[in-house]
Amino acid sequence: MNSIDEILEQMGDLVERSTPFPFAQNKVIIDRDLLNDLIDDMKRNVPQEIKRAKLIDFDCERIIKEAEQKAEQIVQRAEERAKALVASDTIVKEARQRATEILTQAQARSKEIKNAAGNYVDNMLHDAEMYFTRGLQDVKRTSQEINRAKNSGKGSSENIQ
């Protein structure tokens, strides 16, 4: 199964290899079956690209959850250590301060990971959207050119008769 990039590359190659339309330098005759096969390949691949983006999103969520769990474990360990050191007010104060610092650091790190993961997924989805939009525009433009070529060919043959 080809990727969307490969399919679009094949479509571009198809256009480049196609026979020029007589008296129209920017128009070509394209093998309809081959173009339809490439379009069908794109339709089959779009869900795969979306699945990959969802997997990335899932991985980001998993990483965030792991970071939150680690932060909780750090806080729990700090609290346990603080309880064990209750013997002295100074030690208790230091332990509480350290636990707060650890919690703050863990929360900040969790937020950074979450933001980075969200940005990464947003960028991936935006890139995929732009990619598919350009591909769809290319397909529409090619289809319009084919239809114009067909219609201009009909008009020429009718005028000759």
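Is Glu112 buried, partly exposed or exposed? That was the thing I wanted to settle when I opened this one. I looked it up, and Glu112 comes out as partly exposed, at 46% relative accessibility. A reminder to myself before going on: this is a predicted model.

**Entry 1: the overall outline**

I started with the secondary structure and counted three helices and two strands. Going along the sequence, I read the order as α-β-β-α-α. Next I checked the dimensions. The C-alpha atoms fill a box of roughly 110 × 25 × 20 Å along the principal axes. The radius of gyration is 30 Å, whereas a compact globule of 161 residues would have one near 15 Å. I also looked up burial for the chain: 23% of the 161 residues are buried.

**Entry 2: back to Glu112**

Where does Glu112 sit? I found Glu112 in helix H3, which runs over residues 89-160. Its salt-bridge partner is Arg109, and the closest N and O atoms of the pair are 3.4 Å apart. Both residues belong to helix H3 and are three residues apart, about one turn of the helix. I checked the partner's exposure too: Arg109 is partly exposed, with a relative accessible area of 48%. The 46% for Glu112 lies between the 20% and 50% cut-offs, so Glu112 gets the partly exposed label as well.

I then asked how far Glu112 is from Ile64 in sequence and in space. The two are 48 residues apart in sequence, but their C-alpha atoms are 9.3 Å apart in space.

**Entry 3: another pair in helix H3**

How many salt bridges does the model have? I get six. One of them joins Arg98 to Glu101, with the closest N and O atoms 3.5 Å apart. Arg98 and Glu101 are three residues apart in helix H3, which means about one helical turn separates them. For exposure, I noted Arg98 as partly exposed at 42%. Glu101 is partly exposed too, with a relative accessible area of 34%.

**Entry 4: helix H2**

I moved on to helix H2, residues 32-84. Which residue does Glu66 pair with? Glu66 forms a salt bridge with Arg62, and their closest N and O atoms are 2.9 Å apart. These two are four residues apart in the helix, so the separation is about one helical turn. Glu66 counts as partly exposed at 33% relative accessibility, and Arg62 is partly exposed with 35%. I followed the contacts further and found a network of salt bridges that links Asp59, Arg62 and Glu66.

**Entry 5: the acidic patch**

Last stop was the surface charge. Which residues gather in a patch of negative charge? I listed Asp5, Glu6, Glu9, Asp13 and Glu16 on the surface. I picked Asp13 for a closer look and found it in helix H1, residues 4-17. Asp13 is partly exposed, with a relative accessible area of 32%. A patch member needs over 30% relative accessible area and no salt bridge, so at 32% Asp13 clears the area cut-off.

**Jottings to keep**

- Glu112 is partly exposed and bridges to Arg109.
- Arg62 bridges to Glu66 in helix H2, within a network that includes Asp59.
- Asp13 is one of the residues in the negative patch, and Asp13 lies in helix H1.

How values were computed. Residues numbered from 1 in each chain as written. Predicted model: local features only at pLDDT ≥ 70, side-chain atom pairs only at ≥ 80, totals over all residues. Heavy atoms only, no water. Patch = residues over 30% accessible without salt bridge, like charges linked within 9 Å, V, L, I, M, F, W, Y side chains within 5 Å. Areas by Shrake-Rupley, 256 points an atom, 1.4 Å probe, with all protein chains shown as cover. Salt bridge = Lys/Arg side-chain N within 4 Å of Asp/Glu carboxyl O. Lys, Arg positive; Asp, Glu negative; His and termini not counted. Charge placed at Lys NZ, Arg CZ, Asp CG, Glu CD. Buried < 20%, exposed > 50% of the residue type's maximum accessible area, 1.4 Å probe, protein only. Rg over C-alpha atoms; globule rule 2.2 N^0.38 Å.
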